[in-house]
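User: I'm new to this one, so please pick a single part and take me through it closely. Then show me how it sits in the rest of the chain.

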Amino acid sequence: SFFALQNSPSTSSTLNFGNLTVSGLLTGGSAGAPVFTLGSSGTNLFPSSGLTLNVLGGLQNLGTISTPGLLTVNTGSMINSGTLSAASVMVNSQGTFANSGSIFASAGNIGLNALNGNFVNSGMINAIAGSVNINSAATAMASNVVFNNAGGSISANSGVIDFRTADFTDKADIDFLGGSLSAQAINFSGGKGNVTVDTESLSGVVNSSGYNIKLSSLSDITIG
């Protein structure tokens with residue numbers, strides 16, 4: 001296990017790597033950490049208020065990456081078959097984003113950005129009290145989004161699921177295939193591009209904008 005702790009409260013931690021594989025626990029939390037102090041003065045250690053991982057190459061997580069506050073991952077590519085868990089989660093990937101595990105935000109939002117627009121999710125992505133934002137960062141919005149969600153689920157039952165932001169007006173497609181989407185509202189912003197959605201379940205009010213829009217689901221679709 002790797003504990004990213006601080007010698008003062010309300011302090012975040014930043015860790016820099018070339019490539020990173022996590023098969024156990026990497027956390028900014030203190031639960032389960034060994035009990036020790038620093039120096040002769042007996043300085044206590046505190047959990048990190050947030051945890052940022054900067055990975056120049058690829059990040060592969062087979063274990064658990066967690067923190068009590070905001071978890072931010074900046075990486076060349078992201079493969080998660082374990083668990084990402086925090087109050088809020090932000091993943092910025094230069095390359096492909098792939099999740100077959102779970103990504104969980106207990107209090108805030110989940111932001112997923114892949115600059116090449118390629119996403120694969122066969123696991124669970126759940127913002128229990130917030131929203132899920134996909135390629136909403138300015139640097140990622142211009143990319144065509146190809147999201148393979150076969151066998152996967154994306155949930156924001158107290159918030160919304162946004163593909164880009166509502167003010168996007170450029171030409172870039174959204175292709176979303178498979179699995180389930182569940183939120184108060186599900187928003188596909190295609191600008192002048194095409195929006196193609198073919199899922200097992202769309203639970204929530206669906207709002208979509210684009211040059212050509214095709215929505216298909218095995219469940220009923222509620223159009224906003």
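Analyst: **A close look, starting at Ser-217**

Ser-217 has a relative accessibility of 18%, so it counts as buried (under 20% relative accessible area; exposed is over 50%, partly exposed in between, with a 1.4 Å probe and protein chains only). This is a predicted model, where local features need pLDDT of at least 70 and side-chain atom pairs count only at pLDDT 80 or more, while totals for chains, interfaces and linings use all residues. Residues are numbered from 1 along each chain as its sequence is written, and side-chain values use heavy atoms, with hydrogens and water left out.

Ser-217 belongs to strand β24, residues 212–217 (strands are DSSP runs of E, at least two residues; helices are runs of H or I, at least four; numbering starts at the N terminus). Its side chain makes a polar contact of 2.9 Å with the side chain of Ser-219 (a pair of N or O atoms within 3.5 Å, one able to donate a hydrogen and the other to accept it; residues adjacent in sequence count only if both atoms are side-chain atoms). A polar atom of that Ser-217 side chain also sits 3.4 Å from the backbone nitrogen of Leu-202. Skipping neighbours within four places in sequence, Ser-217 is in contact with Thr-199, Glu-200, Ser-201 and Leu-202 (contact is heavy atoms within 4.5 Å).

Now compare a polar residue elsewhere. Asn-99 is in strand β12, residues 97–99, and at 2% relative accessibility it counts as buried. Its side chain is joined to that of Asn-121 by a polar contact of 2.8 Å. Beyond four places in sequence, Asn-99 touches Asn-80 and Val-120, among others.

That strand has a partner: β9 and β12 pair in the parallel sense over three bridges (pairing needs at least two DSSP bridges), and Met-78 stands opposite Phe-97 there. On top of that, strand β9 (residues 70–80) pairs in the parallel sense with strand β7 (residues 50–61) over 10 bridges, where Asn-61 has Asn-80 as its bridge partner. Strand β9 also pairs in the parallel sense with strand β11 (residues 88–93) over six bridges, with Met-90 as the partner of Thr-72.

What about the nonpolar inside? Phe-188, in strand β21 (residues 180–189), counts as buried at 1% relative accessibility. Its contacts beyond four places in sequence include Phe-163, Leu-181 and Val-206. Phe-188 is also one of the residues touching the most other members of the largest nonpolar core, which has 44 residues (buried Ala, Val, Leu, Ile, Met, Phe, Trp, Tyr and Cys joined through side-chain atoms within 4.5 Å). Ile-154 is another of those residues, and its partners further off than four places in sequence include Asn-121, Val-132 and Phe-176.

Stepping back, the protein has zero helices and 25 strands. Its radius of gyration is 19 Å, close to the 17 Å that the globule rule gives for 224 residues, so it is as compact as a globular protein of that length (C-alpha atoms; the rule is 2.2 Å times the number of residues to the power 0.38). The C-alpha trace spans about 70 × 30 × 30 Å along its principal axes. Buried residues, Ser-217 being one, make up 46% of the 224 residues.
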